[in-house]
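Please find below a colleague's note on the fold, written to be read alongside the sequence and the coordinates. The points are numbered so that each can be checked in turn.

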Amino acid sequence: MTKHLAVAALALAAFAACEPNRGVTEPRSAVRASLTGPQNDDQRDGDGGPRAVYTLTNQVAGNAVAVFARAGDGTLTPAGSFSTGGAGTGAGLGSQGAVTLSNDGRLLFAVNAGSNDVSVFRVNPEGLSLLSRTPSGGTLPASVTVSRNVAYVLNTGGAGNISGFTVGSSGGLTPIAGSTKSLSTATAGPAEVSFSPDGRQLVVTEKGTSLLDVYPVDKNGVAGERTSYTSAGGTPFGFAFGPRNLLFVSEAAAPGSASSYALKEGNLQVVSGAVLTHHGAPCWAVVTVDGRFGYTGNGSGSVSGFSIAPDGAIRLLGDGGAAVIGSGVNDIALSANSRYLYVLQTGGAQAIHAFRIQDDGSLTALGPVGGLPTGTRGLAAF
């Protein structure tokens, strides 16, 4: 019992560092900027959606997606705010993946944690068009993932669960019979759900138990029985997949670390375990499209960079402080071409910071853009 209480205390401390609760204020009006116009090589890598960054205002009085157009040099311009039709919580979600994009960038999925549903938008050059709003299959939805025409939502309220949906051609979500699956325990404290690159597995991180859950997914989109693995580091939080089914996971428990795994035939194998970031509360994680670098967003106010070897082994870049933002980093996201990294700051200033990723993995600051309400959560980019 004493051991369990100690683990729970560490998880709560890490969660608090990742999710300060700073109340709610009314959002400032977003300034509409055009998402149309010429697209250069930095902006467009084939047939996909407009190049932009998205975040959730997460307001109790009405949730919305704030859109920022991305220029060819990676800088951002406010491009409007689009209502989800649902409600937010006005405070922390304790998750990664609250807003996510389809692989081609043409559909955007957003959780409404205050009204227990999920909104789907069509991404247009002019902004977003709301296509559907569907109950999430549980309470407090905090993370959503999509692979082809199947989406899964992580519900964090009550005992928590994952629940699956087919995505129709018009953007509607239809529940998949038999797809709702439980977590390891009612006190799991889940943080993220995500498909593997081939869409055959789902992974969930459990902050409260320091477990990684793997669910096989059949050809009909139905998740099978869960297999749980003990995390190499304490309080696994956000994660991202790289090439060859590499799994890169941030670990929020002090002193803060990241680990890498190989997902082979549904089994997780540790490659590098609990590599220290030397910066507190690493809670969010991304991997570049070429698989060379991974980054953690640290709740203490920084970003740590890692090099990733072909076998998935990770090594901290420098002293782990690839970028220092200030207090209250809350999420990170990569552009579709992985040339730019975006960081959501919710402590002090409410802003999104832009960085260019250099050839050696170092980050060059491009400046922040503000105008976000307190309570903003989630980040996605294309």
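The points that follow go from the whole chain to sheets, cores, single residues and aromatic pairs.

1. Overall composition. This is a predicted model, and its secondary structure comes to one helix and 30 strands. Of the 382 residues in the protein chain, 59% are buried, while the area that the chain exposes is about 14100 Å², with carbon and sulfur atoms supplying 53% of it. Among the contacts with a separation of 6 or more, 52% are between residues that lie 24 or more positions apart.

2. The sheet that includes E1. Four strands make up an open antiparallel sheet, and their order is E3-E2-E1-E30. Its edges are strand E3 (76-83) and strand E30 (377-381), each of which has a single partner strand, so one side of each is left without a neighbour in the sheet. On average, and with direction ignored, neighbouring strands here are turned by 20° against each other. Within the sheet, strand E1 (residues 52-56) is joined to strand E2 (residues 64-70) by five bridges in the antiparallel sense, and Val 53 stands opposite Phe 68 of E2.

3. The sheet that includes E26. Another open sheet has four strands in the order E26-E27-E28-E29, with antiparallel pairing. Here strand E26 (329-334) and strand E29 (363-369) stand at the edges with a single partner strand each, so one side of each has no neighbour in the sheet. The average turn between neighbouring strands of this sheet is 20°, direction ignored. E26 and strand E27 (residues 340-345) run antiparallel and are joined by five bridges, with Val 329 placed opposite Gln 345 in E27.

4. Strand E22 and its two partners. All six residues of strand E22 (residues 293-298) are buried. Phe 293, Tyr 295 and Gly 297 point one way from E22, whereas Gly 294, Thr 296 and Asn 298 point the other way; in a regular strand the side chains alternate between the two faces of the sheet. Strand E21 (residues 282-287) pairs with E22 in the antiparallel sense over five bridges, and the pairing with strand E23 (residues 302-308), also antiparallel, has six bridges. Thr 296 takes part in both pairings, as the bridge partner of Ala 285 and as the residue opposite Ser 304 in E23.

5. The turns on either side of E22. The hairpin of E21 and E22 has five residues between its strands, and Gly 291 in the turn has a positive phi of about 75°. The hairpin of E22 and E23 has three residues between its strands, and there Gly 301 takes a positive phi near 115°.

6. Nonpolar cores. The largest nonpolar core has 32 residues, and those with the most contacts inside it are Tyr 54, Val 65, Val 67, Leu 108, Phe 109 and Leu 128. Strand E5 (residues 107-112) gives the most to this core, with five residues. Beyond its neighbours within four places in sequence, Leu 108 has contacts that include Tyr 54, Val 65, Val 99, Leu 101, Val 120, Phe 121 and Val 123. A second, separate core of 22 residues includes Cys 283, Trp 284, Leu 317 and Ile 325.

7. Leu 131. This residue has its place in strand E7 (residues 127-135) and is partly exposed, with a relative accessible area of 31%. Not counting residues up to four places away in sequence, Leu 131 touches Leu 107, Val 120, Phe 121, Arg 122, Ser 170 and Gly 171. Leu 131 and Leu 173 are 42 residues apart in sequence, and their C-alpha atoms are 9.7 Å apart in space.

8. Aromatic pairs. A search of the whole structure finds four aromatic pairs. One of them is the edge-to-face pair of Tyr 152 and Phe 195, with 5.9 Å centre to centre and 80° between the planes. Tyr 152 lies in strand E9 (residues 150-155) and Phe 195 in strand E13 (residues 190-195), so the pair ties together parts that are 43 residues apart in sequence; both residues are buried. Phe 248 and Phe 306 also form an edge-to-face pair, at 5.6 Å centre to centre and 65° between the planes. Phe 248 belongs to strand E18 (residues 246-251) and Phe 306 to strand E23, so this pair ties together parts that are 58 residues apart in sequence, and Phe 248 and Phe 306 are both buried.

Conventions. Residues are numbered from 1 along each chain as its sequence is written. This is a predicted model: local features need pLDDT of at least 70, side-chain atom pairs count only at pLDDT 80 or more; totals for chains, interfaces and linings use all residues. Side-chain values use heavy atoms; hydrogens and water are left out. Two strands pair if DSSP finds at least two bridges between them. Helices (H or I, at least four residues) and strands (E, at least two) are DSSP runs, numbered from the N terminus. Axes are lines fitted to C-alpha atoms, for helices over the stretch in contact, and angles run from 0 to 180 degrees between N-to-C directions. A nonpolar core is a set of buried Ala, Val, Leu, Ile, Met, Phe, Trp, Tyr and Cys residues joined through side-chain atoms within 4.5 Å. Buried means under 20% relative accessible area, exposed over 50%, partly exposed in between (1.4 Å probe, protein chains only). Contact means heavy atoms within 4.5 Å. Accessible areas come from the Shrake-Rupley method with a 1.4 Å probe; for residues, only the protein chains shown count as cover. Rings of Phe, Tyr and Trp (its six-membered ring) pair if their centres lie within 6.5 Å; planes under 30 degrees apart count as stacked, over 60 as edge-to-face and the rest as tilted.
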